[in-house]
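User: Pick one part of this model and take me through it closely, please. I'd like to hear what surrounds it and what goes on just past its end, in one connected account.

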Amino acid sequence: MGLTQYFILILCFAGVLPQSINISNHGENETQPFIEIGSKYYLINTATNMNWFSAVLYCRNYDSDLVVIESEAEMNALSFYLTTNGHIERHFWLGATDLADEGKFMSLKDGRPMLYAKWSGGQPDNAGQNEDCLHLWPVNNIFHMNDENCMAQHYAICELRQPKKTCDVCDLKNFMERYMQHTNVPNCRN
Ligand SMILES: [Ca+2]
Ligand SMILES: [Ca+2]
């Protein structure tokens, strides 16, 4: 590798690093209209009631997913926000369903069994043998989960996708591979 090429490589690589740093954090403008609650970013739509399928599509339209609550900490943070912001009477769709296999609630987010549940008493009961979509409802002023008829009308809570973990070593490796394919064309465009 000639000195000039080596110098260009350094310049190009210097341009790669800031890129990997920027996408590892959500900037404020980047996350609107999502709001930070606990460790995640949510879009809470209390303007329009919709069935579960519409809620899924609504969130996809914002490049997000119908919310999947994955831990007690997330449940507590979201419940506290909803309760203290005037939503205690409302019902919300969650991103899990047992449509594919009755009784096995799967996360829409990763296609795996959902990690966490806070069922209200006697749930899930698959009432009328027709309750396949997960929803959040208040029981004695505390939010719990329930299996619900997917065509019922509730509000949507969307969850912003977590940024993929970036890896500076991967960036370097990818860059080096691209560079080696174009050693005769020493510029950053390739
Ligand atoms: Ca069911
Ligand atoms: Ca039920």
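**A close look at helix α3**

Analyst: Let's start with the whole chain. Of the contacts in the protein with a separation of 6 or more, 71% are between residues 24 or more positions apart. Keep in mind that this is a predicted model. It has five helices and eight strands, and from the N terminus on the order is α-α-β-β-α-β-α-β-β-β-β-β-α. Buried residues account for 37% of the 190 in the protein. The protein exposes about 11200 Å², with carbon and sulfur atoms supplying 54% of that.

The part I'd zoom in on is α3, which covers residues 52-61. At its start, a side-chain oxygen of Asn51 comes to within 3.0 Å of the backbone nitrogen of Phe53.

Now for the inside of the helix. Trp52, Ala55, Val56 and Cys59 are the ones to look at here: they are buried. Looking down the axis of α3, you find its buried residues within an arc of 100°, so they line one face of the helix. And what sits over them? The cover includes several strands: β2 (40-50), β3 (64-66), β4 (92-97), β6 (133-139) and β8 (154-160). Turn to the face pointing away from that buried side, and you meet the exposed residues Leu57, Arg60 and Asn61.

Phe53 is worth another glance. Its relative accessibility is 35%, so it counts as partly exposed, since buried means under 20% and exposed over 50%. Together with Leu99 and Met151, Phe53 makes a nonpolar surface patch of about 290 Å².

Next, the far end. After α3 comes Asp63, which has a positive phi, near 55°. Asp63 also has a partner: its side chain meets that of Arg161 in a salt bridge, at 3.0 Å from N to O. That pair links distant parts of the chain, with Asp63 in the loop between α3 and β3 and Arg161 in the loop between β8 and α5 (168-181), 98 residues apart. Asp63 counts as exposed because its relative accessibility is 53%, while Arg161, at 32%, is partly exposed.

That brings us to the charged pairs elsewhere. In general, side chains of opposite charge can pair when their charged atoms come close. The total here is eight salt bridges. One of the strands covering α3, β2, supplies a good example. Lys40 pairs with Glu70, the closest N and O atoms being 2.9 Å apart. This is another link between distant parts of the chain: Lys40 belongs to strand β2 and Glu70 to the loop between β3 and α4 (72-84), 30 residues apart.

Lys40 has a second partner in Glu74, where the closest N and O atoms are 2.8 Å apart. Glu74 is in helix α4 and Lys40 in strand β2, so this salt bridge ties together parts that are 34 residues apart in sequence. How buried or exposed are these side chains' residues? Both Glu74 and Lys40 are buried; for Lys40, the relative accessibility is 4%. Glu70, in contrast, is partly exposed because its relative accessible area is 22%.

How values were computed. Residues numbered from 1 in each chain as written. Chains lettered and ligands numbered in written order. Predicted model: local features only at pLDDT ≥ 70, side-chain atom pairs only at ≥ 80, totals over all residues. Heavy atoms only, no water. Patch = residues over 30% accessible without salt bridge, like charges linked within 9 Å, V, L, I, M, F, W, Y side chains within 5 Å. Areas by Shrake-Rupley, 256 points an atom, 1.4 Å probe, with all protein chains shown as cover. Salt bridge = Lys/Arg side-chain N within 4 Å of Asp/Glu carboxyl O. Helix = DSSP H or I, 4+ residues; strand = E, 2+ residues; numbered from the N terminus. Buried < 20%, exposed > 50% of the residue type's maximum accessible area, 1.4 Å probe, protein only. Arc of directions from axis to C-beta. Contact = heavy atoms within 4.5 Å. Polar contact = N/O pair within 3.5 Å; in protein donor to acceptor, adjacent residues only side chain to side chain.
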